[in-house]
Amino acid sequence: MLNIGYTNDLNRRISEHQKGKGALFTKKYNVSSLIYYEAFENISEAKSREKQLKNWHKEWKWNLIKNSNSELKTLTIN
């Protein structure tokens with residue numbers, strides 16, 4: 001299951017998801033591993049990209065992820 005969203009604090013968001021907190025989608029599908037992310041300079045760019053990705057076919061999203069994380073390893077943020 002893929003979850004697409006934006007945040008101004010990725011570490012906090014990951015922690016919330018791992019604790020079962022956050023959006024209903026996250027709780028319902030137990031989304032807790034980060035396998036892909038993009039960074040943006042401002043929130044309007046992030047919102048625009050989120051909207052774009054949410055309209056993509058599932059296969060396109062998986063291809064995007066696998067291009068940068070072919071083994072689908074859980075990522076950590078420093």
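L34 is found in the loop that runs between helix 2 (24-29) and helix 3. The model is a predicted one. L34 counts as buried, because its relative accessibility is 13% and the cut-off for burial is under 20%. Its contacts, leaving aside neighbours within four places in sequence, fall in two stretches of the chain. L10 and I14 are among them. The others are K73, T74, L75 and I77. L34 and L10 are 24 residues apart in sequence. In space, their C-alpha atoms are 9.7 Å apart. L34 also belongs to the lining of the largest pocket, described below.

The protein has four helices and zero strands. Read along the sequence, the pattern is α-α-α-α. The C-alpha atoms fill a box of roughly 30 × 30 × 25 Å, taken along the principal axes. The radius of gyration is 12 Å. A compact globule of 78 residues would have a value near 12 Å, so the protein agrees with that expectation. Buried residues make up 17% of the 78 residues. The exposed area is about 6200 Å². Carbon and sulfur atoms supply 47% of that area. Contacts between residues at least 6 apart in sequence were also sorted by separation. Of these, 60% join residues at least 24 apart.

Rolling a probe the size of a water molecule over the atoms shows where empty space is left. The largest pocket has a volume of about 930 Å³. It is lined by 32 residues. Those closest to the pocket centre are N3, G5, L34, Y36 and Y37. Three elements give two or more residues each to the lining: helix 1 (10-18), helix 3 (43-54) and helix 4 (58-68). Helix 3 supplies the largest share, with five residues. By class, the lining divides into 19 nonpolar, eight polar and five charged residues.

Helices 1 and 2 are linked through a pair of buried residues, T26 and H17. T26 has its place in helix 2. Its relative accessible area is 2%, and T26 is therefore buried. Beyond its neighbours within four places in sequence, T26 is in contact with N3, H17, K21 and V31. T26 and E16 are ten residues apart in sequence, with a C-alpha to C-alpha distance of 9.5 Å.

H17 lies in helix 1. With a relative accessible area of 12%, H17 is buried. Its contacts, again without the neighbours within four places, are N3, T26, V31 and S32. N3 and V31 thus appear in the contact lists of both T26 and H17. N3 is also among the residues closest to the centre of the largest pocket. H17 and K27 are ten residues apart in sequence. Their C-alpha atoms are 7.7 Å apart in space.

Two further residues lie outside the helices. W56 is found in the loop between helix 3 and helix 4. At 23% relative accessibility, W56 counts as partly exposed. Leaving aside neighbours within four places in sequence, W56 is in contact with R49, K61 and L64.

L72 lies in the segment after helix 4. Most residues other than glycine have a negative phi. The phi of L72 is near 55 degrees, a positive value. L72 counts as partly exposed, because its relative accessibility is 31% and the partly exposed class lies between 20% and 50%.

Notes: Residues numbered from 1 in each chain as written. Predicted model: local features only at pLDDT ≥ 70, side-chain atom pairs only at ≥ 80, totals over all residues. Heavy atoms only, no water. 1 Å grid on protein atoms, 1.4 Å probe; cavity = no way out; pocket = protein on both sides within 12 Å on 5 of 7 lines; lining within 4 Å. Points joined across faces, edges and corners; volume = space filled by probe spheres on them. Nonpolar A, V, L, I, M, F, W, Y, C, P; charged D, E, K, R; others polar. Rg over C-alpha atoms; globule rule 2.2 N^0.38 Å. Buried < 20%, exposed > 50% of the residue type's maximum accessible area, 1.4 Å probe, protein only. Contact = heavy atoms within 4.5 Å. Areas by Shrake-Rupley, 256 points an atom, 1.4 Å probe, with all protein chains shown as cover.
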